[in-house]
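User: Please take a close look at a single part of this model. I want one connected account of its surroundings, then of the charged pairs and the surface.

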Amino acid sequence: ISPASGTMNKVLLSPAANPYGATNADGVYVITTNSAVTISNCRIVGTLVVVCPGKTVTIDTGVFMQPARPDYPALIVDGNLVVQSNSAAPLSEASAQTNFNPAGTPYLGATDSDTLDQYPCEIDGLVHVRGTFATISGPTFRGAIICESAAATDAVSLGGTPLIVYDPSL
C-alpha cells in the first residue's frame with residue numbers, strides 16, 4: 001500500500017477494508033518507503049509490514065492494532081519504531097469522523113454504520129522491530145515485542161509508563 005506522504009490518518013485497514021487499493025484476505029499490507037511513516041487515528045485489523053530501513057515509523061495518537069489471524073503478527077517494522085500513543089486516550093470514531101467497525105470488520109462481534117464508537121488505544125499481538133524501539137507516552141501492548149537492533153546504546157527506550165501484557169499463546 002502507498003499512504004500519501006507516508007501518513008496514515010483516519011484509516012480502517014482490514015481483510016475487508018483497504019482505502020489504498022485491493023484488500024488482502026489475511027489482512028497483510030506492506031508499505032515500502034525511503035521516508036518516515038506516521039500512523040494516527042487508525043484501526044488496523046491485520047498485519048502491517050513497514051519496510052523503511054534507517055527511517056522511523058511513528059505510532060501516534062488513537063491507534064488500535066490487532067492481527068486478523070491469531071497466528072500472524074500485528075506489526076513488523078524494518079526500521080525504527082516510536083510509539084507515542086497514550087492508552088488513556090481511546091480511538092474515537094466521532095473525533096476521527098470515521099466508522100471503524102463497518103460491515104466486514106466487526107469489533108467484539110458488532111458492526112454498525114455510525115461514528116459513535118470508541119476503541120482502546122493499544123497494539124495487540126506480536127510486534128517485531130528490526131531497528132530501535134522507543135515509547136514516549138503510556139502505550140499498551142497485549143502480546144510480545146521483539147526488537148533486533150544493531151545500536152550500541154538506546155536500542156530500546158521505554159519512556160512514559162508503557163503497559164506490556166504478555167500473551168503466552170504467542
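Analyst: The account starts at one residue and then moves outward.

This is a predicted model, in which local features need pLDDT of at least 70 and side-chain atom pairs count only at pLDDT 80 or more, while totals for chains, interfaces and linings use all residues. Residues are numbered from 1 along each chain as its sequence is written, and side-chain values use heavy atoms, leaving out hydrogens and water.

The residue is Glu93, in helix α1, residues 93-96. Helices (H or I, at least four residues) and strands (E, at least two) are DSSP runs, numbered from the N terminus. Glu93 is buried, yet has no salt bridge. Buried means under 20% relative accessible area, exposed over 50%, and partly exposed in between (1.4 Å probe, protein chains only). A salt bridge requires a side-chain nitrogen of Lys or Arg within 4 Å of a carboxyl oxygen of Asp or Glu. For Glu93, the nearest side chain of opposite charge is Arg43, 6.8 Å away. Here Lys and Arg count as positive, Asp and Glu as negative; His and the chain ends are not counted.

What does the Glu93 side chain join in a polar contact? Tyr119, at 2.6 Å, side chain to side chain. A polar contact is a pair of N or O atoms within 3.5 Å; within protein, one must be able to donate a hydrogen and the other to accept it, and residues adjacent in sequence count only if both atoms are side-chain atoms. Beyond four places in sequence, Glu93 touches nine residues' worth of surroundings listed as Thr98, Asn99, Phe100, Asn101, Asp114, Thr115, Leu116, Asp117 and Tyr119. Contact means heavy atoms within 4.5 Å.

Asn101 is one of those neighbours. It lies in the loop between α1 and β8. Asn101 counts as buried because its relative accessibility is 4%. Its side chain reaches the backbone oxygen of Ala110 at 3.2 Å. Outside four places in sequence, Asn101 contacts residues including Arg43, Glu93, Asp117 and Tyr119.

Pro120 follows in the loop between β8 (118-119) and β9 (122-129). Pro120 is partly exposed, at 28% relative accessible area. Its C-alpha is 8.9 Å from that of Ser92, 28 residues apart along the chain. Pro120 touches Val63, Phe64 and Tyr107, neighbours within four places aside.

Now the charged pairs. The whole structure holds three salt bridges. Asp26 pairs with Arg69, closest N and O atoms 3.2 Å apart. Asp26 sits in the loop between β1 (7-13) and β2 (28-32) and Arg69 in the loop between β5 (63-66) and β6 (75-83), so the pair ties together parts 43 residues apart in sequence. Arg69 also bridges to Asp71 at 2.6 Å. Asp26, Arg69 and Asp71 are thus linked in a network. Arg142 and Glu122 form another bridge, at 3.1 Å. That pair links strand β11 (residues 140-147) and strand β9, 20 residues apart. Arg142 is partly exposed at 37%, whereas Glu122 is buried at 9%.

Last, the surface. Val156, Leu158 and Ile164 form a nonpolar patch, with about 260 Å² of accessible area together. Patches take residues with over 30% relative accessible area and no salt bridge, joining like charges within 9 Å and nonpolar side chains (Val, Leu, Ile, Met, Phe, Trp, Tyr) within 5 Å. Areas come from the Shrake-Rupley method with a 1.4 Å probe; for residues, only the protein chains shown count as cover. Ile164 lies in strand β13, residues 163-166, and is partly exposed at 42%.
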